[in-house]
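Student: I should like a close look at a single part of this model, set out as one connected account.

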Amino acid sequence: MLYALIAGVLFGLYYALIGLGLNLTFGVLRMVNLAHGDFVMIGGFAAVTAFSAWHLHPLWSLVLAAVLIFAVGIGLYYVLVPRIATTKDPEMISLVLFFGLSQVIEALAVMQFGNNTQSIYEPVFGKAPINILGQPFPAVWVVSGLVSLLALLLVYLYLYRTRIGYSTRAVMASREEAEVSGISVHKVSAIAFAIGLGLAAAAGALAPFMLGGITPDLGVGLTVTAFAVIVLGSLGNPLGTVAGGLIYGIALMLMQTYLPSWSALLPYLLLLLVLLIKPSGLFGRQVRSA
Amino acid sequence: MSSDALLVVEGVEKSFGGFQALRGVNLQVPKGGALGLVGPNGSGKTTLINIISGIYAPTAGKVRLGGQDVTGRLPHQLSHLGVNRTFQVPKPFGSLTVRQNVDVALGHSRRSQRKTDDILGFLDLGQLADREASSLNTAQQKLLDLGRALATDPQLLLVDELGAGLSPGDLDLVAEKLNALRKEGITMLVVEHLLGFLAKVTDDVVVMNAGAEIFFGKLEAAAKDPKVVEVFLGG
(Lines give C-alpha, C1' and ligand atoms only; values in the text may rest on other atoms or scores of the structure.)
Protein backbone atom coordinates (compact mmCIF):
# COMPACT_ATOMS: atom_id res chain seq x y z
CA MET A 1 0.00 0.00 0.00
CA LEU A 2 2.75 2.49 0.98
CA TYR A 3 4.65 1.56 -2.18
CA ALA A 4 1.57 2.22 -4.31
CA LEU A 5 0.94 5.56 -2.63
CA ILE A 6 4.50 6.83 -3.08
CA ALA A 7 4.64 5.54 -6.66
CA GLY A 8 1.29 7.26 -7.17
CA VAL A 9 2.74 10.58 -6.03
CA LEU A 10 5.75 10.21 -8.37
CA PHE A 11 3.55 9.28 -11.33
CA GLY A 12 1.01 11.89 -10.26
CA LEU A 13 3.60 14.65 -10.55
CA TYR A 14 4.50 13.32 -13.99
CA TYR A 15 0.86 13.25 -15.11
CA ALA A 16 0.43 16.77 -13.74
CA LEU A 17 3.30 17.80 -16.02
CA ILE A 18 1.53 16.16 -18.98
CA GLY A 19 -1.74 17.92 -18.13
CA LEU A 20 -0.37 21.32 -17.14
CA GLY A 21 0.32 22.54 -20.66
CA LEU A 22 -3.14 21.51 -21.83
CA ASN A 23 -4.71 23.39 -18.94
CA LEU A 24 -2.59 26.49 -19.50
CA THR A 25 -3.69 26.51 -23.14
CA PHE A 26 -7.35 26.05 -22.19
CA GLY A 27 -7.06 28.74 -19.54
CA VAL A 28 -5.96 31.47 -21.94
CA LEU A 29 -7.60 30.36 -25.18
CA ARG A 30 -10.73 28.54 -23.96
CA MET A 31 -9.81 25.92 -26.57
CA VAL A 32 -8.93 22.28 -26.00
CA ASN A 33 -5.77 21.38 -27.88
CA LEU A 34 -6.57 17.86 -29.04
CA ALA A 35 -3.03 17.58 -30.43
CA HIS A 36 -1.50 18.08 -26.96
CA GLY A 37 -0.65 14.40 -26.52
CA ASP A 38 1.06 14.37 -29.90
CA PHE A 39 3.57 16.94 -28.66
CA VAL A 40 4.31 14.59 -25.76
CA MET A 41 4.90 11.91 -28.37
CA ILE A 42 7.21 14.23 -30.35
CA GLY A 43 9.23 14.92 -27.19
CA GLY A 44 9.50 11.16 -26.64
CA PHE A 45 10.78 10.44 -30.14
CA ALA A 46 13.16 13.40 -29.85
CA ALA A 47 14.68 11.89 -26.70
CA VAL A 48 14.90 8.39 -28.20
CA THR A 49 16.42 9.65 -31.45
CA ALA A 50 18.89 11.99 -29.72
CA PHE A 51 20.00 9.16 -27.45
CA SER A 52 20.44 6.59 -30.22
CA ALA A 53 22.13 9.04 -32.61
CA TRP A 54 24.32 11.10 -30.27
CA HIS A 55 23.98 9.38 -26.91
CA LEU A 56 22.48 12.60 -25.60
CA HIS A 57 21.22 12.25 -22.02
CA PRO A 58 17.38 12.43 -21.89
CA LEU A 59 17.51 15.36 -19.47
CA TRP A 60 19.36 17.39 -22.11
CA SER A 61 16.89 16.17 -24.72
CA LEU A 62 14.12 17.31 -22.39
CA VAL A 63 15.48 20.86 -22.26
CA LEU A 64 16.20 20.99 -26.01
CA ALA A 65 12.80 19.53 -26.95
CA ALA A 66 11.01 21.97 -24.66
CA VAL A 67 12.85 24.98 -26.14
CA LEU A 68 12.41 23.85 -29.76
CA ILE A 69 8.74 23.02 -29.34
CA PHE A 70 8.22 26.34 -27.52
CA ALA A 71 9.53 28.08 -30.66
CA VAL A 72 7.32 25.91 -32.86
CA GLY A 73 4.39 26.75 -30.58
CA ILE A 74 4.84 30.50 -31.09
CA GLY A 75 4.70 30.05 -34.86
CA LEU A 76 1.84 27.58 -34.71
CA TYR A 77 -0.19 29.96 -32.54
CA TYR A 78 0.03 32.82 -35.01
CA VAL A 79 -0.73 30.53 -37.96
CA LEU A 80 -3.78 28.91 -36.36
CA VAL A 81 -5.32 30.72 -33.44
CA PRO A 82 -6.01 34.31 -34.61
CA ARG A 83 -7.88 32.86 -37.60
CA ILE A 84 -9.89 30.49 -35.42
CA ALA A 85 -10.70 33.33 -33.03
CA THR A 86 -12.42 35.32 -35.78
CA THR A 87 -14.74 32.45 -36.78
CA LYS A 88 -18.34 32.26 -35.60
CA ASP A 89 -17.74 29.19 -33.43
CA PRO A 90 -14.08 29.22 -32.37
CA GLU A 91 -14.44 26.43 -29.80
CA MET A 92 -15.92 23.93 -32.28
CA ILE A 93 -13.55 24.94 -35.09
CA SER A 94 -10.59 24.57 -32.73
CA LEU A 95 -11.66 21.04 -31.80
CA VAL A 96 -11.79 20.03 -35.47
CA LEU A 97 -8.58 21.83 -36.34
CA PHE A 98 -6.51 20.49 -33.44
CA PHE A 99 -7.88 16.99 -34.09
CA GLY A 100 -6.72 17.36 -37.69
CA LEU A 101 -3.33 18.58 -36.51
CA SER A 102 -3.11 15.53 -34.22
CA GLN A 103 -3.79 13.20 -37.16
CA VAL A 104 -1.19 14.95 -39.33
CA ILE A 105 1.47 14.75 -36.60
CA GLU A 106 0.69 11.07 -36.01
CA ALA A 107 0.89 10.29 -39.74
CA LEU A 108 4.21 12.11 -40.06
CA ALA A 109 5.53 10.22 -37.02
CA VAL A 110 4.53 6.88 -38.57
CA MET A 111 6.34 7.85 -41.79
CA GLN A 112 9.45 8.89 -39.89
CA PHE A 113 9.66 6.33 -37.07
CA GLY A 114 7.41 3.42 -38.11
CA ASN A 115 4.77 1.77 -35.94
CA ASN A 116 7.04 -0.15 -33.57
CA THR A 117 7.47 0.83 -29.95
CA GLN A 118 10.74 2.66 -29.35
CA SER A 119 12.43 3.38 -26.06
CA ILE A 120 15.74 3.92 -24.29
CA TYR A 121 16.71 0.64 -22.74
CA GLU A 122 19.98 1.65 -21.13
CA PRO A 123 19.85 2.61 -17.42
CA VAL A 124 20.74 6.27 -18.06
CA PHE A 125 19.57 7.28 -14.59
CA GLY A 126 21.56 4.50 -12.85
CA LYS A 127 20.78 0.90 -12.02
CA ALA A 128 20.43 1.26 -8.27
CA PRO A 129 16.92 1.89 -6.91
CA ILE A 130 16.26 4.90 -4.69
CA ASN A 131 14.73 4.24 -1.28
CA ILE A 132 11.86 6.41 -0.07
CA LEU A 133 10.45 5.55 3.37
CA GLY A 134 12.10 2.16 3.08
CA GLN A 135 10.54 1.40 -0.30
CA PRO A 136 12.81 0.93 -3.35
CA PHE A 137 11.83 2.80 -6.52
CA PRO A 138 13.48 2.92 -9.96
CA ALA A 139 15.73 5.98 -10.08
CA VAL A 140 14.00 7.21 -13.23
CA TRP A 141 10.65 7.44 -11.42
CA VAL A 142 12.17 9.62 -8.74
CA VAL A 143 14.04 11.76 -11.27
CA SER A 144 10.87 12.18 -13.34
CA GLY A 145 8.90 13.15 -10.25
CA LEU A 146 11.52 15.73 -9.27
CA VAL A 147 11.83 17.12 -12.81
CA SER A 148 8.04 17.40 -13.01
CA LEU A 149 7.97 19.14 -9.63
CA LEU A 150 10.62 21.60 -10.84
CA ALA A 151 8.65 22.32 -14.02
CA LEU A 152 5.45 22.83 -12.02
CA LEU A 153 7.29 25.19 -9.70
CA LEU A 154 8.66 27.19 -12.63
CA VAL A 155 5.17 27.54 -14.09
CA TYR A 156 3.91 28.68 -10.67
CA LEU A 157 6.66 31.31 -10.49
CA TYR A 158 5.86 32.38 -14.04
CA LEU A 159 2.16 32.84 -13.29
CA TYR A 160 2.44 34.34 -9.81
CA ARG A 161 5.75 36.18 -9.72
CA THR A 162 6.27 37.74 -13.15
CA ARG A 163 4.60 40.64 -14.89
CA ILE A 164 3.68 38.54 -17.91
CA GLY A 165 2.34 35.89 -15.55
CA TYR A 166 -0.05 38.43 -14.02
CA SER A 167 -1.07 39.39 -17.54
CA THR A 168 -1.64 35.71 -18.36
CA ARG A 169 -3.91 35.34 -15.33
CA ALA A 170 -5.72 38.51 -16.36
CA VAL A 171 -6.35 37.05 -19.82
CA MET A 172 -7.57 33.82 -18.20
CA ALA A 173 -10.09 35.84 -16.16
CA SER A 174 -11.37 38.07 -18.95
CA ARG A 175 -9.90 38.52 -22.41
CA GLU A 176 -11.89 41.70 -23.06
CA GLU A 177 -10.95 43.41 -19.81
CA ALA A 178 -7.34 42.36 -20.33
CA GLU A 179 -7.32 43.77 -23.85
CA VAL A 180 -8.70 47.16 -22.86
CA SER A 181 -6.20 47.26 -20.01
CA GLY A 182 -3.46 47.47 -22.63
CA ILE A 183 -2.46 43.81 -22.63
CA SER A 184 -1.64 42.33 -26.03
CA VAL A 185 -3.81 39.27 -25.64
CA HIS A 186 -2.34 37.50 -28.65
CA LYS A 187 1.22 37.97 -27.37
CA VAL A 188 0.33 36.66 -23.91
CA SER A 189 -1.71 33.79 -25.36
CA ALA A 190 1.00 32.83 -27.84
CA ILE A 191 3.54 32.55 -25.04
CA ALA A 192 1.16 30.52 -22.86
CA PHE A 193 0.29 28.22 -25.78
CA ALA A 194 3.97 27.73 -26.57
CA ILE A 195 4.80 27.05 -22.92
CA GLY A 196 1.99 24.48 -22.94
CA LEU A 197 3.50 22.69 -25.93
CA GLY A 198 7.01 23.00 -24.46
CA LEU A 199 5.82 21.35 -21.24
CA ALA A 200 4.24 18.55 -23.29
CA ALA A 201 7.52 17.98 -25.13
CA ALA A 202 9.43 18.02 -21.82
CA ALA A 203 7.07 15.39 -20.43
CA GLY A 204 7.58 13.44 -23.64
CA ALA A 205 11.33 13.21 -23.09
CA LEU A 206 10.57 11.20 -19.92
CA ALA A 207 7.84 9.13 -21.56
CA PRO A 208 10.17 6.34 -22.80
CA PHE A 209 10.79 5.56 -19.11
CA MET A 210 7.50 6.48 -17.44
CA LEU A 211 5.19 5.05 -20.10
CA GLY A 212 7.41 2.14 -21.16
CA GLY A 213 7.98 3.29 -24.73
CA ILE A 214 6.87 5.57 -27.54
CA THR A 215 4.61 4.86 -30.51
CA PRO A 216 3.17 7.35 -33.01
CA ASP A 217 -0.38 6.65 -31.82
CA LEU A 218 0.46 7.54 -28.22
CA GLY A 219 -0.86 11.09 -28.55
CA VAL A 220 -4.61 10.44 -28.60
CA GLY A 221 -4.58 8.39 -25.42
CA LEU A 222 -2.31 10.87 -23.66
CA THR A 223 -4.62 13.75 -24.57
CA VAL A 224 -7.51 11.85 -22.95
CA THR A 225 -5.41 11.20 -19.84
CA ALA A 226 -4.29 14.84 -19.69
CA PHE A 227 -7.88 15.95 -20.10
CA ALA A 228 -8.97 13.66 -17.25
CA VAL A 229 -6.23 15.10 -15.03
CA ILE A 230 -7.17 18.72 -15.67
CA VAL A 231 -10.91 18.16 -15.38
CA LEU A 232 -10.25 16.33 -12.11
CA GLY A 233 -8.26 19.29 -10.75
CA SER A 234 -9.92 22.28 -12.37
CA LEU A 235 -10.30 23.07 -16.04
CA GLY A 236 -8.75 26.47 -16.68
CA ASN A 237 -6.84 26.63 -13.40
CA PRO A 238 -3.27 25.41 -14.01
CA LEU A 239 -2.48 24.89 -10.33
CA GLY A 240 -5.51 22.61 -9.92
CA THR A 241 -3.71 20.34 -12.39
CA VAL A 242 -1.18 19.40 -9.72
CA ALA A 243 -3.96 18.14 -7.45
CA GLY A 244 -5.61 16.40 -10.42
CA GLY A 245 -2.34 14.74 -11.38
CA LEU A 246 -1.67 13.50 -7.86
CA ILE A 247 -5.16 12.05 -7.48
CA TYR A 248 -4.90 10.43 -10.90
CA GLY A 249 -1.43 9.02 -10.21
CA ILE A 250 -2.36 7.58 -6.82
CA ALA A 251 -5.62 6.15 -8.16
CA LEU A 252 -3.75 4.61 -11.10
CA MET A 253 -1.16 2.97 -8.87
CA LEU A 254 -3.81 1.65 -6.48
CA MET A 255 -5.77 0.28 -9.44
CA GLN A 256 -2.65 -1.33 -10.94
CA THR A 257 -1.89 -2.89 -7.57
CA TYR A 258 -5.33 -4.16 -6.63
CA LEU A 259 -7.40 -4.19 -9.87
CA PRO A 260 -4.84 -4.22 -12.70
CA SER A 261 -7.25 -5.29 -15.41
CA TRP A 262 -9.40 -2.21 -14.76
CA SER A 263 -6.62 0.38 -14.66
CA ALA A 264 -6.87 1.35 -18.35
CA LEU A 265 -10.42 2.51 -17.68
CA LEU A 266 -9.33 4.92 -14.99
CA PRO A 267 -9.14 8.17 -17.02
CA TYR A 268 -12.63 7.63 -18.38
CA LEU A 269 -14.07 6.63 -15.00
CA LEU A 270 -12.58 9.67 -13.27
CA LEU A 271 -13.77 11.98 -16.06
CA LEU A 272 -17.28 10.59 -15.78
CA LEU A 273 -17.38 10.80 -12.00
CA VAL A 274 -16.07 14.36 -11.82
CA LEU A 275 -18.36 15.61 -14.56
CA LEU A 276 -21.35 14.04 -12.80
CA ILE A 277 -20.50 15.05 -9.24
CA LYS A 278 -18.50 18.30 -9.45
CA PRO A 279 -18.21 19.63 -13.02
CA SER A 280 -15.98 22.55 -12.02
CA GLY A 281 -13.33 20.07 -10.84
CA LEU A 282 -12.47 19.05 -7.31
CA PHE A 283 -10.43 22.21 -6.72
CA GLY A 284 -12.10 24.45 -9.25
CA ARG A 285 -13.66 27.83 -9.43
CA GLN A 286 -16.45 28.42 -11.89
CA VAL A 287 -14.44 28.59 -15.08
CA ARG A 288 -16.86 27.22 -17.62
CA SER A 289 -20.55 27.56 -18.05
CA ALA A 290 -21.43 24.24 -19.64
CA MET B 1 -16.41 68.33 -37.62
CA SER B 2 -15.73 70.52 -34.63
CA SER B 3 -12.01 71.24 -34.21
CA ASP B 4 -12.16 70.76 -30.44
CA ALA B 5 -13.79 67.32 -30.66
CA LEU B 6 -11.75 64.55 -29.06
CA LEU B 7 -13.98 61.74 -30.35
CA VAL B 8 -15.66 61.81 -33.73
CA VAL B 9 -17.79 58.92 -34.97
CA GLU B 10 -18.63 59.21 -38.68
CA GLY B 11 -21.24 57.05 -40.37
CA VAL B 12 -20.43 53.96 -38.34
CA GLU B 13 -22.28 50.82 -39.37
CA LYS B 14 -22.09 47.34 -37.88
CA SER B 15 -23.71 44.14 -39.11
CA PHE B 16 -23.76 40.75 -37.44
CA GLY B 17 -24.66 38.37 -40.26
CA GLY B 18 -28.01 39.64 -41.53
CA PHE B 19 -28.68 41.87 -38.52
CA GLN B 20 -27.67 45.50 -38.83
CA ALA B 21 -26.91 46.71 -35.30
CA LEU B 22 -25.68 50.19 -36.28
CA ARG B 23 -26.92 52.17 -39.30
CA GLY B 24 -24.54 55.04 -39.91
CA VAL B 25 -24.13 56.59 -36.48
CA ASN B 26 -22.57 60.07 -36.22
CA LEU B 27 -21.58 61.76 -32.99
CA GLN B 28 -18.88 63.95 -31.47
CA VAL B 29 -17.63 64.46 -27.94
CA PRO B 30 -15.68 67.68 -27.28
CA LYS B 31 -12.44 67.57 -25.30
CA GLY B 32 -13.29 67.52 -21.61
CA GLY B 33 -16.99 67.04 -22.36
CA ALA B 34 -19.37 64.32 -21.28
CA LEU B 35 -21.94 62.96 -23.71
CA GLY B 36 -24.73 60.64 -22.63
CA LEU B 37 -25.91 57.80 -24.82
CA VAL B 38 -29.42 56.56 -24.17
CA GLY B 39 -31.90 54.33 -25.93
CA PRO B 40 -33.94 51.21 -25.44
CA ASN B 41 -32.33 47.78 -25.16
CA GLY B 42 -30.97 46.65 -28.53
CA SER B 43 -30.63 50.21 -29.86
CA GLY B 44 -26.89 49.73 -30.44
CA LYS B 45 -25.37 51.69 -27.54
CA THR B 46 -23.03 48.97 -26.30
CA THR B 47 -22.20 47.93 -29.86
CA LEU B 48 -21.06 51.50 -30.50
CA ILE B 49 -18.95 51.48 -27.32
CA ASN B 50 -17.47 48.14 -28.42
CA ILE B 51 -16.47 49.67 -31.76
CA ILE B 52 -14.96 52.81 -30.23
CA SER B 53 -12.97 50.66 -27.75
CA GLY B 54 -11.79 48.32 -30.53
CA ILE B 55 -13.58 45.16 -29.44
CA TYR B 56 -15.53 45.15 -32.72
CA ALA B 57 -14.37 46.50 -36.06
CA PRO B 58 -17.07 48.54 -37.80
CA THR B 59 -18.57 47.29 -41.07
CA ALA B 60 -18.32 50.86 -42.41
CA GLY B 61 -17.55 54.35 -41.14
CA LYS B 62 -14.71 56.00 -39.23
CA VAL B 63 -13.72 56.59 -35.62
CA ARG B 64 -11.35 59.50 -35.00
CA LEU B 65 -9.54 60.34 -31.80
CA GLY B 66 -8.11 63.84 -31.62
CA GLY B 67 -8.24 63.98 -35.42
CA GLN B 68 -6.41 60.65 -35.82
CA ASP B 69 -8.20 57.83 -37.63
CA VAL B 70 -8.27 54.95 -35.15
CA THR B 71 -10.88 52.82 -36.95
CA GLY B 72 -10.29 49.11 -36.44
CA ARG B 73 -7.40 49.52 -33.98
CA LEU B 74 -7.18 46.73 -31.42
CA PRO B 75 -8.30 47.37 -27.84
CA HIS B 76 -4.80 47.31 -26.37
CA GLN B 77 -3.58 49.74 -29.03
CA LEU B 78 -6.47 52.10 -28.25
CA SER B 79 -5.70 51.75 -24.55
CA HIS B 80 -2.16 52.95 -25.29
CA LEU B 81 -3.66 55.93 -27.15
CA GLY B 82 -5.75 56.85 -24.13
CA VAL B 83 -9.11 55.18 -24.78
CA ASN B 84 -10.49 53.02 -22.01
CA ARG B 85 -13.85 51.80 -20.85
CA THR B 86 -15.87 50.15 -18.14
CA PHE B 87 -18.11 47.15 -18.76
CA GLN B 88 -21.84 46.77 -18.15
CA VAL B 89 -21.07 43.50 -16.38
CA PRO B 90 -17.53 43.87 -15.07
CA LYS B 91 -15.34 40.79 -15.01
CA PRO B 92 -12.42 41.69 -12.76
CA PHE B 93 -9.33 39.52 -12.83
CA GLY B 94 -10.83 37.32 -10.15
CA SER B 95 -7.76 35.42 -8.91
CA LEU B 96 -5.79 38.67 -8.56
CA THR B 97 -6.16 41.04 -5.63
CA VAL B 98 -7.82 44.43 -6.01
CA ARG B 99 -4.38 46.06 -6.00
CA GLN B 100 -3.03 43.62 -8.61
CA ASN B 101 -6.03 44.32 -10.87
CA VAL B 102 -5.04 47.97 -11.00
CA ASP B 103 -1.32 47.16 -11.14
CA VAL B 104 -1.76 44.99 -14.25
CA ALA B 105 -3.43 47.83 -16.15
CA LEU B 106 -0.95 50.37 -14.81
CA GLY B 107 1.94 48.15 -15.89
CA HIS B 108 0.69 48.11 -19.48
CA SER B 109 -0.03 51.80 -19.73
CA ARG B 110 2.27 53.85 -21.90
CA ARG B 111 0.79 57.10 -20.58
CA SER B 112 -0.04 56.74 -16.94
CA GLN B 113 1.59 58.81 -14.21
CA ARG B 114 -1.01 57.58 -11.73
CA LYS B 115 -0.25 55.42 -8.71
CA THR B 116 -2.23 52.39 -7.61
CA ASP B 117 -2.73 53.66 -4.06
CA ASP B 118 -4.04 57.01 -5.36
CA ILE B 119 -6.53 55.27 -7.64
CA LEU B 120 -7.73 52.91 -4.90
CA GLY B 121 -7.96 55.81 -2.45
CA PHE B 122 -9.94 57.94 -4.91
CA LEU B 123 -12.42 55.08 -5.40
CA ASP B 124 -12.61 54.23 -1.67
CA LEU B 125 -11.17 50.78 -2.37
CA GLY B 126 -8.03 51.21 -0.28
CA GLN B 127 -9.34 49.01 2.53
CA LEU B 128 -9.99 46.21 0.05
CA ALA B 129 -6.62 46.41 -1.71
CA ASP B 130 -5.47 42.96 -0.65
CA ARG B 131 -8.80 41.18 -1.12
CA GLU B 132 -9.22 38.82 -4.06
CA ALA B 133 -11.26 40.66 -6.70
CA SER B 134 -13.71 37.75 -7.05
CA SER B 135 -14.84 38.37 -3.46
CA LEU B 136 -16.10 41.93 -4.13
CA ASN B 137 -19.78 42.81 -4.35
CA THR B 138 -21.31 44.31 -7.51
CA ALA B 139 -20.77 47.97 -6.55
CA GLN B 140 -17.17 47.28 -5.54
CA GLN B 141 -16.52 45.36 -8.78
CA LYS B 142 -17.87 48.31 -10.77
CA LEU B 143 -15.61 50.72 -8.92
CA LEU B 144 -12.67 48.38 -9.47
CA ASP B 145 -13.52 48.25 -13.18
CA LEU B 146 -13.40 52.05 -13.20
CA GLY B 147 -10.09 51.92 -11.33
CA ARG B 148 -8.63 49.50 -13.86
CA ALA B 149 -9.68 51.87 -16.64
CA LEU B 150 -8.23 54.91 -14.81
CA ALA B 151 -4.92 53.12 -14.34
CA THR B 152 -4.24 53.57 -18.07
CA ASP B 153 -4.77 57.34 -17.71
CA PRO B 154 -7.46 57.61 -20.37
CA GLN B 155 -8.15 60.84 -22.23
CA LEU B 156 -11.44 59.28 -23.36
CA LEU B 157 -13.42 57.14 -20.90
CA LEU B 158 -16.31 55.05 -22.19
CA VAL B 159 -18.68 54.32 -19.32
CA ASP B 160 -21.07 51.45 -20.02
CA GLU B 161 -23.99 51.33 -17.58
CA LEU B 162 -21.86 51.89 -14.53
CA GLY B 163 -24.98 52.82 -12.56
CA ALA B 164 -26.95 49.64 -13.29
CA GLY B 165 -27.59 47.61 -10.16
CA LEU B 166 -26.24 50.23 -7.76
CA SER B 167 -28.10 51.59 -4.72
CA PRO B 168 -29.07 55.32 -4.70
CA GLY B 169 -26.20 56.00 -2.30
CA ASP B 170 -23.71 54.21 -4.54
CA LEU B 171 -25.08 56.08 -7.57
CA ASP B 172 -24.41 59.44 -5.93
CA LEU B 173 -20.92 58.29 -5.04
CA VAL B 174 -20.18 57.15 -8.60
CA ALA B 175 -21.60 60.39 -10.06
CA GLU B 176 -19.33 62.35 -7.73
CA LYS B 177 -16.31 60.31 -8.88
CA LEU B 178 -17.12 60.78 -12.58
CA ASN B 179 -17.54 64.54 -12.11
CA ALA B 180 -14.19 64.68 -10.31
CA LEU B 181 -12.61 62.88 -13.27
CA ARG B 182 -14.15 65.37 -15.68
CA LYS B 183 -12.56 68.17 -13.71
CA GLU B 184 -9.23 66.45 -14.34
CA GLY B 185 -9.97 66.79 -18.07
CA ILE B 186 -11.13 63.27 -18.91
CA THR B 187 -13.62 63.21 -21.77
CA MET B 188 -16.54 60.80 -21.35
CA LEU B 189 -19.13 58.95 -23.33
CA VAL B 190 -21.66 57.56 -20.86
CA VAL B 191 -24.16 54.83 -21.72
CA GLU B 192 -26.91 54.76 -19.13
CA HIS B 193 -30.58 53.92 -18.60
CA LEU B 194 -30.84 55.91 -15.37
CA LEU B 195 -31.71 59.40 -16.59
CA GLY B 196 -31.33 61.05 -13.18
CA PHE B 197 -27.78 59.73 -12.95
CA LEU B 198 -27.09 60.78 -16.54
CA ALA B 199 -28.29 64.32 -15.83
CA LYS B 200 -25.70 64.60 -13.06
CA VAL B 201 -22.70 63.54 -15.15
CA THR B 202 -23.30 64.64 -18.77
CA ASP B 203 -23.80 67.87 -20.73
CA ASP B 204 -25.76 66.56 -23.72
CA VAL B 205 -27.25 63.28 -24.79
CA VAL B 206 -27.62 61.31 -27.99
CA VAL B 207 -30.71 59.14 -28.12
CA MET B 208 -30.43 55.99 -30.22
CA ASN B 209 -33.06 53.70 -31.61
CA ALA B 210 -32.67 50.67 -33.89
CA GLY B 211 -29.01 51.40 -34.57
CA ALA B 212 -29.32 55.09 -35.46
CA GLU B 213 -29.22 58.35 -33.52
CA ILE B 214 -32.60 60.10 -33.39
CA PHE B 215 -31.84 63.03 -31.09
CA PHE B 216 -28.94 65.18 -29.93
CA GLY B 217 -29.22 67.88 -27.30
CA LYS B 218 -30.05 68.49 -23.66
CA LEU B 219 -31.63 65.67 -21.68
CA GLU B 220 -34.61 67.88 -20.72
CA ALA B 221 -35.25 68.63 -24.38
CA ALA B 222 -35.02 64.93 -25.24
CA ALA B 223 -37.89 64.23 -22.87
CA LYS B 224 -40.08 66.56 -24.94
CA ASP B 225 -38.96 65.38 -28.39
CA PRO B 226 -41.82 63.51 -30.13
CA LYS B 227 -39.50 60.91 -31.73
CA VAL B 228 -37.86 60.16 -28.39
CA VAL B 229 -41.21 59.99 -26.61
CA GLU B 230 -42.48 57.58 -29.27
CA VAL B 231 -39.47 55.29 -28.85
CA PHE B 232 -39.67 55.21 -25.06
CA LEU B 233 -43.42 55.28 -24.58
CA GLY B 234 -44.57 53.70 -27.83
CA GLY B 235 -46.32 56.87 -28.94
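In what order do the six strands of the open sheet in chain B run, and what is the sense of the pairing?

Tutor: This is a predicted model, in which local features need pLDDT of at least 70, side-chain atom pairs count only at pLDDT 80 or more, and totals for chains, interfaces and linings use all residues. Residues are numbered from 1 along each chain as its sequence is written, and chains are lettered from A and ligands numbered from 1 in the order in which they are written.

The open sheet of chain B has the strand order β6-β7-β8-β3-β9-β10, and its pairing is mixed. Helices (H or I, at least four residues) and strands (E, at least two) are here DSSP runs numbered from the N terminus, and two strands pair if DSSP finds at least two bridges between them. Strands of a sheet pair through backbone hydrogen bonds, either parallel or antiparallel. At the edges stand β6 and β10 (212-217) of chain B, each of which pairs on one side only. Neighbouring strands of the sheet are turned by 20° against each other on average, direction ignored; the axes are lines fitted to C-alpha atoms, for helices over the stretch in contact, and angles run from 0 to 180 degrees between N-to-C directions.

The end of the sheet that holds β9 can be followed residue by residue. Strand β3 (residues 34-38) of chain B pairs with β9(B) in the parallel sense, over four bridges. One of the residue pairs joins B:Val38 to its bridge partner B:Val207 in β9(B). On its way to the edge, the order continues from β9 to β10, and β9 (residues 204-209) of chain B pairs with β10(B) in the antiparallel sense over five bridges. In β10(B), B:Gly217 is the bridge partner of B:Val205, B:Phe216 that of B:Val206, and B:Ala212 that of B:Asn209. Two residues lie between the strands of this hairpin, and B:Ala210 takes a positive phi near 50° there. Most residues other than glycine have a negative phi, and most peptide bonds are trans.

Another positive phi occurs at B:Asp153, with a value near 55° in a residue other than glycine. B:Asp153 lies in the loop between α5 (138-151) and β7 (156-160) of chain B, and β7 is one of the strands of the sheet. With 20 other C-beta atoms within 10 Å, B:Asp153 is buried; a residue is buried if 20 or more other C-beta atoms lie within 10 Å of its own, exposed if 12 or fewer, and partly exposed in between, with C-beta atoms placed from the backbone.

Helix α1 (residues 45-52) of chain B is largely enclosed by the rest of the structure, because eight of its eight residues are buried. Among them are B:Lys45, B:Asn50 and the pair B:Ile51 and B:Ile52. Just after α1(B), B:Gly54 takes a positive phi of about 90°.

The sheet belongs to a chain with nine helices and 10 strands. Chain B has a radius of gyration of 17 Å, close to the 18 Å that the globule rule gives for 235 residues, so it is as compact as a globular protein of that length. The radius is taken over C-alpha atoms, and the rule is 2.2 Å times the number of residues to the power 0.38. Along the principal axes, the C-alpha atoms of chain B fill a box of roughly 50 × 35 × 35 Å. Of the 235 residues, 46% count as buried. Among contacts in chain B between residues at least 6 apart in sequence, 66% join residues at least 24 apart; two residues are in contact if their C-beta atoms, placed from the backbone, lie within 7 Å.

The edge strand β6 leads to the interface. There, 22 residues of chain B are in contact with 15 residues of chain A. The elements giving two or more residues to the side of chain B that touches chain A are α2 (75-81), β6 (83-85) and α3 (98-107) of chain B. By class, this side has seven nonpolar, 12 polar and three charged residues; Ala, Val, Leu, Ile, Met, Phe, Trp, Tyr, Cys and Pro count as nonpolar, Asp, Glu, Lys and Arg as charged, and the others, Gly among them, as polar.
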